[in-house]
Amino acid sequence: MMRLIPPGRSGLWLVILLALLPVSDLRLSRPVHAIVSAVFPAQLDGNSTYLPLIPGRQAGGLLIAAAHIDSALSGEADEAILLWNTGYAPVALAGWQLRANGRTAVFPPEMAQILAPGGWLWCAAQARAFRLTFGELPGCEWNAADPLLDEPAVPNLSGGALRLTNTGGVVQLLDPAGQVVDTLLYGNATAPATGWQGPPAQLYTRGAVSASGQLYFRKPARAGGLPLDGDTAQDWAGDLADLTWGRQARLPGWPGYPTDAFSRPAHGTASATVTLAVGPEGLYAPIAQALAGATTTIDLSLYTFEHPDLAQVLARAAGDGVRVRLLLEGAPPGGVTDLQRWCVRLVAAAGAEVRYLAATDHAPNGLQPRYRYTHAKIGVVDGRLALVGTENFSLDSMPVETAAPVGGRRGFYLITDAAPVVEAVARLFALDWAPDRFMDLQPYTPDHARYGDPPPSYSPPAAPTIPVAAAPFTLPLTVQGQARFTVVSAPENAMHPHDGLHRLLQQAGPGDAIHLVQLYEHPFWGDGDSNPVADPNPRLELILAAARRGASVRVLLDSHFDDPAAPRSNQATVDYLQAAAAAEGLDLEARRGNPTGGGIHAKVVLIRLDGELWSALGSLNGGEISHKLNREVMVLTDQPAIYERLAEVFQWDWARSP
């Protein structure tokens, strides 16, 4: 996999090289320590009060931009190194060398590739193994001595077959004269290395983030710019001290690096129709209507699918000749239920294609799915209508009978023909639904032990009944008009510090307001015994910072699914925020609630910002795995009527939460 031509922005390279963001140290105030010590009595690291963000210099030529070292694949034949030309002049690769653990691989004279400014190239141990995890061939390979493993379309390096030690080592890039041009010192390596200063680079491995399968990769010098090159560990994205661009993880098969096609949220302005459906009482009918109206295609990516009535809607569409594709999570907690098996059997029997995000039966040992969970709730109908929501297809979230006040899980869906949203969601679905490129899409087959049919005697249970006193949001809101739209996706860009939701939160101040309603918002990330100083939840800290600047903040979190005694519970978050509000006199209130009887399952942020009314809605929960390893999708819009309806629902729920 390589890019020899710059991505259409060569005239901007000089600006990108010179225009570095000024960076200041991050200091945490004494009131914050007092609050954290009271709510989280775990001992704090003495260095956690001072977390400097130190920029590196911008390099002017070829460098090692990423390395896939600790592969999850058995045999690790997909190990790889990414070279990136960050300079002004093209680089002819013949004669250049890669060196690791005393072995050197050389680009032979017959390799005539030239990396233009901005061009990049992956070189792997074995091209075929690389394709299994990265989804495409590399630009070269260094360990294809076995003719059965050689990929004829990929040039071979000469010299030694490199070995990249998982626990630590040195990887170096040498020019044709044998001079060290760039170095990556990583892991537990301790010996000094030419071209490197200070301790080695590390992968980010706190909490549930594993080193296995991760890539070492560089931070950008600016948002979307070229990579940092200061010859230190602070250039690399595992940097714990950098709360802005550090603490990141990346796995093979993700888009967005080194190219920037997905590295930032998708933005656009359109005259569009937008429908907001509110659950539990008002979700089923609008979703069913949107799906039943399909004439050519339905593409859905869901975490779980446990709704017999919607299964019948999809089955009818498939039976009428609509191409239906359904992508589901292969390993939800508790496994795939018999109810989902029943629904899948129904739609598959009608002609729909169903796949689970899971290593296929024929995948090589160790191959991991691209995402920890595919947790998005998105769809595209006929290439013209997008669905983005907070809810799985279940009777708890989308009850069918609404004659009487009906309870369930509070959640929402946006259904829109806005071109920026339709295009972005379709692009993400196409990226994930790629069975010709990736071996982590297990197809439904009736006799599969895990993903096949339910027992022959199984029939769906009766729909749950959750009575409530009132359910006033049965009817959807549909509006038309010009609006701005932003589509945020994880893991590619949900952590972007200067775009999407984070950008809006950073701007909120006096006279502005933030309302957040979430299934959960962890008080801290990282290890389970950590705290908000050592391992802050960036989104929560941005909301708290907005309150400190004078914004009015209201946070409503679920109590139905919450374990108040857990260190990362919603109760702990409420306590943390309330302590800050009391200590600092902030206009901030936080509560837990269950206003609709089946729990708050929503993931919504409302921001009134200097006269603008922004709504953010999607699958993105307030945890680290959601932001860094899952497939998640959130849409933002400044359509005022959507904000006003969501604010109305928030106030209704807030008033019914203790």
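Me: What percentage of the 658 residues in the chain is buried?
Reply: Good place to start, and keep in mind that this is a predicted model, where local features need pLDDT of at least 70, side-chain atom pairs count only at pLDDT 80 or more, and totals for chains, interfaces and linings use all residues. Residues are numbered from 1 along each chain as its sequence is written, and side-chain values use heavy atoms, with hydrogens and water left out. Buried means under 20% relative accessible area, with a 1.4 Å probe and protein chains only. By that cut-off, the buried share of the chain's 658 residues is 60%.

Me: What is the average pLDDT of the chain, and where does pLDDT stay under 50?
Reply: pLDDT is the predictor's confidence in each residue, from 0 to 100. The chain averages 90, and 90% of the residues score at least 70. The stretch where pLDDT stays under 50 is residues 4-59.

Me: Which are the edge strands of the open sheet β12-β8-β7-β13-β14?
Reply: Strands here are DSSP E runs of at least two residues, numbered from the N terminus, and two of them pair if DSSP finds at least two bridges between them. The five strands of this sheet pair in the antiparallel sense. Pairing on one side only marks the edges, β12 (158-159) and β14 (180-187).

Me: Which residue in β13 stands opposite Q97?
Reply: Happily, this one is easy to follow on the model. Strand β7 covers residues 97-100 and pairs antiparallel with β13, residues 168-174, over four bridges. Opposite Q97 stands L174.

Notes. Buried means under 20% relative accessible area, exposed over 50%, partly exposed in between (1.4 Å probe, protein chains only). Contact means heavy atoms within 4.5 Å.
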